[in-house]
Amino acid sequence: MDKRYVKLIEALAQIRERTSFVPKVALVLGSGLGGYARNMEVEAEIPYSEIKGFPVSTVQGHDGRFLFGTVSGVPVAAMKGRVHYYEGYDISDVVMPARLMGLMGAKVLFLTNAAGGIDLSFSPGDLMLIRDHISSFVPSPLIGPNIEELGTRFPDMGKVYDPEIRELVKRVAAEEGIDLKEGVYLQATGPQFETPAEIKAYRLLGASAVGMSTAVEAIAANHMGLKVLGVSCISNMAAGILDQPLTHAEVQETADRVAAKFEKLVTGVIKELGEL
Ligand code: HPA
């Protein structure tokens, strides 16, 4: 059996020793949603560090743990803190937590992140529904022998971000009075921010926003048959758009500033996902 799959099954067994929780929705909490637990009835928590073989995030402000509980009665497994490729992990470790939530029983993976705005009509603080992604600048999480237990060798990526769920998100945003942009997310490896020339190139390629996570998680989830949705908080305008240096502090500040709006959207969407 593939050693990456064995690692997953062993991690799942460790979780099952502690909780029999079965999520419907798997939620990855990006920058700004670190306090999302206040919207959950948390039934169990497991720090990543207590799961043997689990990748543990090293970035400041990325506290790593699973939260299991309900949001408006819908069972949710949430990842508070994710692992990024730029931290030095194998790409298969980067997607391990998302895969694990799928193996726990989640049907939908809800990805959130902070991203730099490339589309000139965006402003910092906007929320962007991910319509599609460009992952061509990062390694595929599916490289290596195919894990047959999870999915097929050559998965279709024509509709990674489920069209029906995208409509649902737009409807919830409209009902809540939340202005929601929509666009294409491009994943770069980081950890350095991009150069102005890179951002110009990415815009020509059709990207609306750039970040350092998410697309690989979406690929891994799609591979194993989960439905996927993603929302980015545009935390800053990408390099070269404004004449100011980019900092992690700006990303965090904007994400924190719009946390209430972001939380409201996420909660409204999860409630609706419970009906699917
Ligand atoms: N570039 C890459 N990743 C990011 C950015 C950015 O400008 N902002 C937040 N995450």
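The following legends describe close-up views of a predicted model.

**View 1. The ligand and the residues that surround it.** The ligand occupies the largest pocket. Its shell is formed by Ala114, Ala115, Gly116, Phe193, Glu194, Val210, Gly211, Met212, Ser235, Asn236, Leu246 and Val251. By residue class, this shell comprises 7 nonpolar, 4 polar and 1 charged.

**View 2. Strands that contribute to the shell around the ligand.** At least two residues of the shell come from each of strand 5 (108-117), strand 8 (209-211) and strand 9 (227-237). Strand 5 makes the greatest contribution, supplying 3 residues.

**View 3. Polar atoms close to ligand nitrogen.** A nitrogen atom of the ligand lies 2.7 Å from an N or O atom in the side chain of Asn236. For the side chain of Glu194, the distance from an N or O atom to a nitrogen atom of the ligand is 2.8 Å. The backbone also takes part, with a polar backbone atom of Ala114 at 3.4 Å from a nitrogen atom of the ligand. Taken on its own, the ligand has 260 Å² of accessible area, and the protein covers 95% of this area.

**View 4. Asp93 and its side-chain partner Lys7.** Asp93 belongs to helix 2, which spans residues 91-94. The relative accessible area of Asp93 is 14%, and this residue is therefore classed as buried, the limit being under 20%. The side chain of Asp93 is joined to that of Lys7 by a polar contact of 2.8 Å.

Technical notes: Residues numbered from 1 in each chain as written. Predicted model: local features only at pLDDT ≥ 70, side-chain atom pairs only at ≥ 80, totals over all residues. Heavy atoms only, no water. Near = heavy atom within 4 Å. Polar contact = N/O pair within 3.5 Å; in protein donor to acceptor, adjacent residues only side chain to side chain. Areas by Shrake-Rupley, 256 points an atom, 1.4 Å probe, with all protein chains shown as cover. 1 Å grid on protein atoms, 1.4 Å probe; cavity = no way out; pocket = protein on both sides within 12 Å on 5 of 7 lines; lining within 4 Å. Sits in = over half its atoms within 2 Å of the grid points. Helix = DSSP H or I, 4+ residues; strand = E, 2+ residues; numbered from the N terminus. Nonpolar A, V, L, I, M, F, W, Y, C, P; charged D, E, K, R; others polar. Buried < 20%, exposed > 50% of the residue type's maximum accessible area, 1.4 Å probe, protein only.
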